[in-house]
Amino acid sequence: MTDIAANVQFVLQTIRDAALQAGRDPQSVKLVGVTKYVEAERVREAILAGIHICGENRLQEAQTKMETIGKCPGVAWHFIGRLQRRKLKSIVGQFAVIHSVDSLEQAKEIHRRAEELQQPQSILLQVNVGNEATKGGFSPSQLLEVLPVMGKFSHANVCGLMAIPPRREEPEAMRPYFRRLKTLADDAQALNISGIELRELSMGMSNDYAVAIQEGATMVRIGSALFGDRPL
Ligand SMILES: *Cc1c(COP(=O)(O)O)cnc(C)c1O
């Protein structure tokens with residue numbers, strides 16, 4: 001077994017264990033393999049080892065890799081990076097899910113583009129759970145304001161929330177942020193906003209995904225635990 005295959009097995013097992021421990025169905029947690037900076041050959045290895053979703057945060061890099069790897073049946077690509085206005089058009093329709101929508105303008109633009117393509121686009125709304133000035137994302141109150149408007153966008157389907165909390169060494173220190181996102185999703189869902197169904201919670205990375213799963217994550221975004229440390 002290659003390193004990557006062993007890592008994929010380990011992470012999948014950790015996901016199963018964390019879900020079962022929390023009394024959740026392991027199938028309710030999807031592994032997003034974060035393939036940024038990872039060359040196509042190693043991404044292919046990860047796919048063969050059981051990765052069904054690849055997460056990329058740069059359009060150009062993702063496109064090159066998608067072309068090299070080619071269409072793999074059963075493999076979806078998700079966009080998890082910051083959205084630049086001029087690239088938004090090209091992102092829509094190329095990714096099964098866009099995790100990182102953080103303004104009403106972006107959602108509207110995605111809706112427009114997806115309508116042109118006649119292909120509804122699934123999106124998640126990023127929430128700034130740490131209230132950090134340097135990070136994108138809606139504040140909880142902004143989120144509740146925009147949801148009713150977004151519910152009317154027929155071709156941008158809001159299907160959940162995403163967060164990148166402040167980094168902490170200790171996974172346990174991340175728990176309050178994950179809990180905040182889960183509570184926010186539950187509160188928003190309880191409002192029964194027309195056109196809005198918040199099923200997905202994209203939270204948890206290599207260092208803390210077990211805790212995120214205990215707190216309700218349905219998508220964990222894992223890079224270094226699969227592919228090793230990135231250059232940077
Ligand atoms: C890079 C990245 C990840 C993965 O981080 P790791 O700590 O390597 O697992 C997850 N989410 C986003 C948005 C990222 O940019």
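## A loop residue to start from

Leaving aside residues up to four places away in sequence, Asn207 touches Arg168, Glu169 and Pro171. Asn207 belongs to the loop between β7 and α8, in what is, please note, a predicted model.

Is Asn207 buried, exposed or partly exposed? With a relative accessible area of 40%, Asn207 is partly exposed, because buried would need under 20% and exposed over 50%. For a sense of distance, take Phe153: 54 residues separate Phe153 and Asn207 along the chain, and their C-alpha atoms are 35 Å apart.

## The chain as a whole

Stepping back, the chain holds nine helices and eight strands. Its C-alpha atoms fill a box of roughly 50 × 40 × 35 Å along the principal axes. The radius of gyration is 17 Å, which agrees with the value near 17 Å that a compact globule of 232 residues would have.

How much of the chain counts as buried? The figure is 49% of the 232 residues. Contacts across the sequence add to this picture: among those between residues at least 6 apart, 61% join residues at least 24 apart.

## Surface and charge

The accessible surface comes to about 11,400 Å², and carbon and sulfur atoms account for 49% of that area. On the charge side, the chain carries 28 positive and 26 negative side chains. The centres of these two sets lie 4 Å apart.

## Helix α1

Helix α1 covers residues 3-21. Its 19 residues should span 27 Å at 1.5 Å a residue, and the end C-alpha atoms are indeed 27 Å apart. Just after α1 comes Gly23, with a positive phi of about 70°.

Which residues of α1 are buried? They are Ile4, Ala5, Val8, Val11, Thr14, Ile15, Ala18 and Ala19. The cover over these buried residues includes the strands β1 (30-34) and β8 (219-222), along with the helices α2 (40-48), α8 and α9 (224-227).

## Helix α7

Helix α7, residues 175-190, has 16 residues. From first C-alpha to last it reaches 22 Å, close to the 22 Å expected at 1.5 Å a residue. Asn192, just after α7, takes a positive phi of about 50°.

The buried residues in α7 are Arg175, Tyr177, Phe178, Leu181, Leu184, Ala185 and Ala188. What do the buried residues of α7 pack against? Their partners are α6 (140-150), β6 (156-162), β7 (200-202) and α8 (209-214). Helix α8 also appears in the cover of α1, and the loop between β7 and α8 is where Asn207 sits.

How values were computed
Residues are numbered from 1 along each chain as its sequence is written. This is a predicted model: local features need pLDDT of at least 70, side-chain atom pairs count only at pLDDT 80 or more; totals for chains, interfaces and linings use all residues. Side-chain values use heavy atoms; hydrogens and water are left out. Helices (H or I, at least four residues) and strands (E, at least two) are DSSP runs, numbered from the N terminus. The radius of gyration is taken over C-alpha atoms; the globule rule is 2.2 Å times the number of residues to the power 0.38. Buried means under 20% relative accessible area, exposed over 50%, partly exposed in between (1.4 Å probe, protein chains only). Contact means heavy atoms within 4.5 Å. Accessible areas come from the Shrake-Rupley method with a 1.4 Å probe; for residues, only the protein chains shown count as cover. Lys and Arg count as positive and Asp and Glu as negative; His and the chain ends are not counted. The place of a charge is taken as NZ of Lys, CZ of Arg, CG of Asp or CD of Glu. The expected span of a helix is 1.5 Å times one less than its number of residues.
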